[in-house]
Amino acid sequence: MDSLVMALAFLVSMLSTSFPQVSPLKVCPKCGTMEVPPPLSTNSDCGDSSYKVYCNNGVLEFLSAEGMYYRILSIDPCTFKLIIAPPRIRKDLCYSSDLTVGGLRIDENSPFNISTRNTVMLLNCSENLLLSPLNCSSNSLCRLFEEKVSEGSACRNTLCCTFLKDASITSRRIRARVGGCTAYTSVVNMKPDEFPGLWNYGIELQWLPSSLY
Ligand SMILES: *[C@@H]1O[C@H](CO)[C@@H](O)[C@H](O)[C@H]1NC(C)=O
Ligand SMILES: *[C@@H]1O[C@H](CO)[C@@H](O)[C@H](O)[C@H]1NC(C)=O
Ligand SMILES: *[C@@H]1O[C@H](CO)[C@@H](O)[C@H](O)[C@H]1NC(C)=O
């Protein structure tokens, strides 16, 4: 197995000798104004194709296992992390735009998963959630999102729950469903004392280092 990986790495380095020696992977062209650092790959002749992302009309996007695209807001190749935009919430109903597909799900075989720096707020939840270890109390941080941020206004006066800070949520899914919680948002590196409008809204994903990198 190891020798196969080494043989592959050698092959890739042979194929990309015209490139700077920084990485054996060919760097993909910019998408709009955004750099696409390796191992991320927007097409088959750059990056590592296991780390596929999509450049749709100049917007770099991540594709979920359910076929939903999420805009990539930032990428940090040094820490193997990227941040995607949470789905939009409707103005009239407390529904996330990915409710129809059950929320965010990342394929099991994908090198990406959801990092522990996210504070996830589940909105318009059913009473069942009260039995969970989540913080669904009346002073839970999700209340501040509903009350102080216009995007959360459709969710006011519904039950909401926040993943407790420091609780590990590393996983490949954030569920949204009728009869569960119909919307959600996420904040990276939550600073509870800041005004909720200024929180860093996003879902941080991390990736396993590429064997070709
Ligand atoms: C909350 O979710 C339920 C389904 O679980 C739905 O019927 C209801 O309309 C939602 N409430 C809002 C304010 O969107
Ligand atoms: C829920 O979160 C709020 C705000 O961070 C905190 O003040 C409260 O103690 C938490 N409640 C529980 C049960 O953890
Ligand atoms: C999530 O990804 C990190 C690094 O990318 C990895 O160390 C960890 O094992 C993964 N966790 C799961 C549950 O797959």
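## A tour of two ligand sites and a sheet

Begin by selecting ligand 2 together with N135, where an oxygen atom of the ligand is 2.3 Å from an N or O atom in the side chain of N135; such a polar contact is a pair of N or O atoms within 3.5 Å, and within protein one atom must be able to donate a hydrogen and the other to accept it, with residues adjacent in sequence counting only if both atoms are side-chain atoms. Bear in mind that this is a predicted model, in which local features need pLDDT of at least 70 and side-chain atom pairs count only at pLDDT 80 or more, while totals for chains, interfaces and linings use all residues. Residues are numbered from 1 along each chain as its sequence is written, chains are lettered from A and ligands numbered from 1 in the order in which they are written, and side-chain values use heavy atoms, with hydrogens and water left out.

Stay with ligand 2 and add N139, whose side chain has an N or O atom 3.4 Å from an oxygen atom of the ligand. The protein buries 43% of the 360 Å² that ligand 2 exposes when taken alone, an accessible area obtained by the Shrake-Rupley method with a 1.4 Å probe. To complete the surroundings, select S137, L141 and L164 along with N135 and N139, each having a heavy atom within 4 Å of the ligand.

Next, select residues 141–148, which form helix α2, and the sheet on which this helix packs, touching β9, β10 and β12; contact here means heavy atoms within 4.5 Å.

The sheet itself is open, with 3 strands in the order β10-β9-β12 and antiparallel pairing, where strands pair if DSSP finds at least two bridges between them, and where helices (H or I, at least four residues) and strands (E, at least two) are DSSP runs numbered from the N terminus. Colour β10 (161–162) and β12 (181–188) separately: both are edge strands with a single partner each, so one side of each has no neighbour in the sheet. Strand β9, residues 118–125, pairs with β10 over 2 bridges, and L122 can be found opposite C161 in β10.

Finally, move to ligand 1 and select L93, C94, Y95, N124, A154, V178, G179 and T182 around it. A polar side-chain atom of N124 lies 2.3 Å from an oxygen atom of this ligand, whereas polar backbone atoms of C94 and G179 are 2.8 Å and 3.0 Å from a ligand oxygen, respectively. Of the 360 Å² of accessible area that ligand 1 has on its own, the protein covers 62%.

Note on methods: Axes are lines fitted to C-alpha atoms, for helices over the stretch in contact, and angles run from 0 to 180 degrees between N-to-C directions.
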